[in-house]
Amino acid sequence: MTFLINPYTQENHDIVYDICVKTADNGDDASHLHEDPKLIGHCFAGPYINLEPDSAFILNDDNGPCGYIIGALDSASFYKKMRGVWLPDIRKNYEDPTSDPDTWNKDEEMIHLIFHPEEPVLFPAYPSHLHIDLLPKAQGQGQGKQMMDHFLKYLKKKASKGVHLGLSVHNDRAFRFYKKYGMVELKRNFDSIIMGLSFE
Ligand SMILES: CC(C)(COP(=O)(O)OP(=O)(O)OC[C@H]1O[C@@H](n2cnc3c(N)ncnc32)[C@H](O)[C@@H]1OP(=O)(O)O)[C@@H](O)C(=O)NCCC(=O)NCCS
């Protein structure tokens with residue numbers, strides 16, 4: 001199998017959404033958890049490929065796309081656009097759930113997040129951020145490292161001084177991967193970890 005990293009194009013839109021849900025359960029497939037498979041993508045992939053498509057890259061194998069790395073050069077201005085432009089547009093397709101939160105399914109939890117996004121936490125020494133997701137068939141063959149190298153080269157060329165990312169405390173595999181890549185833990189709470197890498 002040969003792998004190639006290409007810039008994101010509009011024709012990759014749906015496959016990015018698909019890869020997003022197929023890797024969203026702490027790295028495993030989350031499709032069975034959602035009736036609306038687009039919800040995960042609306043929160044974690046759509047904002048990037050729509051608002052900052054130049055900061056998105058696709059991993060292709062002989063059969064087509066099998067992974068992506070997406071992100072934002074400047075997290076502060078990205079979150080401003082996400083909250084001011086992207087989320088209001090997505091909200092038009094959904095209704096904010098008003099029932100008891102204890103009864104919500106995963107779709108309703110995501111819809112709540114679309115109407116009430118968490119306050120973004122910024123890391124000024126690490127202004128950029130990223131998300132990387134590869135389908136199982138592309139994992140464990142060094143392609144994650146290639147994608148990180150490619151994206152960090154892009155960020156450095158754009159004069160970023162550092163990058164951070166968030167992951168679930170339950171995603172041990174990703175944690176070990178980022179640590180091996182040289183990222184350091186910046187923050188941790190009961191369910192998530194923030195890691196960063198400085199370019200200075
Ligand atoms: C996490 C992920 C990006 C890693 O990419 P990958 O292609 O599988 O990892 P690679 O094969 O490039 O591994 C790179 C290096 O990390 C090491 N590594 C990878 N996974 C590791 C693990 N679980 N434990 C220890 N080392 C690990 C590899 O041995 C390799 O080291 P080497 O260069 O010395 O051989 C990929 O598995 C993935 O997309 N998983 C599903 C989605 C996900 O969890 N995304 C992250 C969300 S925060």
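The following paragraphs lead from the ligand shell to one helix, the nonpolar core and two loop residues.

The model is predicted: local features require a pLDDT of at least 70 and side-chain atom pairs a pLDDT of 80 or more, whereas totals for chains, interfaces and linings use all residues. Residues are numbered from 1 along each chain as its sequence is written.

Around the ligand lie 19 residues, of which Gly27, Gln139, Gly144, Leu167 and Arg176 come nearest; a residue is near a molecule if its C-beta atom, placed from the backbone, lies within 6 Å of it. Two or more residues of this shell are given by each of β4 (128-134), α6 (143-157) and α7 (172-181), where helices are DSSP runs of H or I with at least four residues and strands are runs of E with at least two, numbered from the N terminus. The most come from α7, with five residues. By type, the shell divides into five nonpolar, nine polar and five charged residues; Ala, Val, Leu, Ile, Met, Phe, Trp, Tyr, Cys and Pro count as nonpolar, Asp, Glu, Lys and Arg as charged, and the others, Gly among them, as polar.

Helix α6 merits a closer look. Its buried residues are Gly144, Met147, Met148, Phe151, Leu152 and Leu155, a residue being buried if 20 or more other C-beta atoms lie within 10 Å of its own, exposed if 12 or fewer, and partly exposed in between, with C-beta atoms placed from the backbone. Seen down the axis of α6, these buried residues fall within an arc of 125 degrees and so line one face of the helix; the arc is that of the directions from the helix axis to the C-beta atoms. On the other side of α6, Lys145, Asp149, Lys153 and Lys157 are exposed. The buried residues pack against β1 (4-7), β2 (56-61), β3 (64-72), β4, β5 (162-168) and α7, contact requiring C-beta atoms, placed from the backbone, within 7 Å.

Phe151 of this helix also belongs to the largest nonpolar core, where, of 46 residues, Cys20, Phe57, Tyr68, Ile69, Ile70 and Phe151 touch the most other members. Such a core is a set of buried Ala, Val, Leu, Ile, Met, Phe, Trp, Tyr and Cys residues joined through C-beta atoms within 7 Å.

Two residues have positive phi without being glycine. Alanine 159, with phi of about 70 degrees, is found in the loop between α6 and β5 and counts as exposed because it has 8 C-beta neighbours inside 10 Å. Asparagine 26, with phi near 50 degrees, is found in the loop between α1 (13-22) and α2 (38-44).

Notes:
Contact = placed C-beta atoms within 7 Å.
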